[in-house]
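Please look over the sequence and the model below. A short tour of selected sites comes after them.

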Amino acid sequence: MRPQVWAHRGASAEAPENSLAAFAKAIEIGVDGIELDVQRTADGILVVTHDETTDRVTGQSGSIAQLTLAQLRQFNFAAPWPDQPATVLPTLDEVLDLCRATSLRINIELKNSEVPYRGMEKHVLDRVLAFGLQDQVIYSSFNPFSLWRLRWIAPEAPRGYLYSEVRPRPWLAAALTGATALHPSLANLDVPGLVEGAHRRGLAVHVWTVDEPGQWEHCHQLAVDAIITNRPREALAFFTPSQLRSRPQPGQLFSSGR
Ligand code: G3P
Ligand code: CA
């Protein structure tokens, strides 16, 4: 079975990252899931954007946590993509509304490592419940305390232990936070037995950010459950049944050849 294909910040190679256009494009492409980043404005609105500041994506200096939604909506959040139409900052509600009629897997990453955003976990859970999307969402965060709080509030909600640095035994930390999946950076696939070890412990493995055919193949061979990619269109084409038939199936590359 091929890995699921989740569009990282939406179809971010084709539209401004974390924009409604990027999520709509991902849906149109036919992805299995999307990944998105949540921050919170000064007036308490959950919004979908990666950075704590507006600088990189708007070209104007500002802090998400210190500006109101109305103020932030004055900015064009597509500044690094001059060939794309101007884009306003989407709220989490708007993205969830877009997903309402789909069966997409929705990976909501709580961006609460730099700005703690007190109470963000319950706020996000409530919005997901309000849209009836609780069966489609998996939460993740680089902040282990946030995962722990999510487990406390909603033990049934799937949670991904998100990490970047290479860790030989991530399931220990994952168990401490009560995670139900690992969300390792791509470099972690070099850890021997990572995927197998995770699966043995009942943890799914969702790897980021996987943008090259050789990496997609590697993930497939290792039986990774989902890849999180900026290039979902190409990844899905790579995993079409006819393309898969022309390549070795998982396990074959690493067998003894007997
Ligand atoms: O959730 C996976 C990945 O998005 C984490 O890194 O910096 O792209 O949010 P980042
Ligand atoms: Ca992210």
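The report goes site by site, from the metal to single residues.

## The calcium site

This is a predicted model. Its calcium ion, ligand 2, is held by three residues: Glu35 through OE, Asp37 through OD and Glu109 through OE. The coordinating distances run from 2.1 to 2.2 Å. Along the chain, the donors follow the spacing E-x1-D-x71-E.

The site joins distant parts of the chain. Asp37 sits in strand S2, residues 33–40. Glu109 belongs to strand S4, residues 105–110. These two residues are 72 residues apart. Are Asp37 and Glu109 buried or exposed? Both Asp37 and Glu109 are buried.

## Val47 and its neighbours

Strand S3, residues 46–48, contains Val47. The relative accessible area of Val47 is 0%, so Val47 is buried. Leave aside the neighbours within four places in sequence, and Val47 still has a long list of contacts, including the calcium donor Asp37. Val38, Gln39, Arg40 and Thr41 are also in contact with Val47. So are Ile64 and Leu69. Leu89, Pro90, Thr91 and Leu92 complete the list.

Asp190 gives a sense of scale. Val47 and Asp190 are 143 residues apart in sequence. Their C-alpha atoms are 34 Å apart in space.

## Where two helices meet

Helix H6 covers residues 144–153, and helix H7 covers residues 170–177. Their axes come within 8 Å. How do the axes of H6 and H7 cross? They cross at roughly 45°. H6 and H7 are therefore oblique to each other.

On the H6 side, the contact is made by Pro144, Leu147, Trp148 and Arg151. On the H7 side, Ala175, Leu176 and Thr177 take part. The residues of this contact divide into 5 nonpolar, 1 polar and 1 charged.

## A buried glutamate

Glu121 is part of helix H5, residues 120–130. Its relative accessibility is 2%, so Glu121 counts as buried.

Which residues does Glu121 touch, not counting residues up to four places away in sequence? They are Leu110, Asn112, Ser146, Arg149, Leu150 and Ile153.

## Cysteines without a bridge

How many disulfides does a search of the whole structure find? The search finds 0. Cys99 has a relative accessible area of 0%, so Cys99 is buried. Cys219 is also buried, with a relative accessible area of 0%.

## Backbone exceptions

Most residues other than glycine have a negative phi, and most peptide bonds are trans. The residues below depart from those habits in the backbone. Asn18 has a positive phi, near 60°, and is not a glycine. Asn18 lies in the loop between strand S1 (4–8) and helix H1 (20–29). At 2% relative accessibility, this asparagine counts as buried. Ala223 likewise is a residue other than glycine with a positive phi, near 65°. The loop between H9 and strand S9 (226–229) holds Ala223. Is Ala223 buried or partly exposed? Ala223 counts as partly exposed, at 35% relative accessibility.

The peptide bond from Trp208 to Thr209 is cis, with omega near -25°. Thr209 lies in the loop between strand S8 (204–208) and helix H9 (213–222). With a relative accessible area of 23%, Thr209 is partly exposed. Beyond its neighbours within four places in sequence, Thr209 is in contact with His8, Leu186, Ile228, Thr229 and Asn230. Pro241 is 32 residues from Thr209 along the chain, and their C-alpha atoms are separated by 23 Å.

## Ala204 in strand S8

Ala204 lies in strand S8. Its relative accessible area is 23%, so Ala204 is partly exposed. Where sequence neighbours up to four places away are not counted, Ala204 touches Thr180, Ala181, Leu182, His199 and Asp225.

One of these contacts, Ala181, comes with a distance. Ala204 and Ala181 are 23 residues apart in sequence. Their C-alpha atoms are 4.6 Å apart in space.

How values were computed. Residues are numbered from 1 along each chain as its sequence is written. Chains are lettered from A and ligands numbered from 1 in the order in which they are written. This is a predicted model: local features need pLDDT of at least 70, side-chain atom pairs count only at pLDDT 80 or more; totals for chains, interfaces and linings use all residues. Side-chain values use heavy atoms; hydrogens and water are left out. Axes are lines fitted to C-alpha atoms, for helices over the stretch in contact, and angles run from 0 to 180 degrees between N-to-C directions. Helices (H or I, at least four residues) and strands (E, at least two) are DSSP runs, numbered from the N terminus. Angles under 35 degrees count as roughly parallel, over 145 as roughly antiparallel, 65 to 115 as roughly perpendicular and the rest as oblique. Contact means heavy atoms within 4.5 Å. Ala, Val, Leu, Ile, Met, Phe, Trp, Tyr, Cys and Pro count as nonpolar, Asp, Glu, Lys and Arg as charged, and the others, Gly among them, as polar. Donors are N, O and S atoms within 2.8 Å of the metal (3.2 Å for Na, K and Ca); water is not among the atoms, so sites may look incomplete. Buried means under 20% relative accessible area, exposed over 50%, partly exposed in between (1.4 Å probe, protein chains only). A disulfide is a pair of cysteine sulfur atoms within 2.5 Å.
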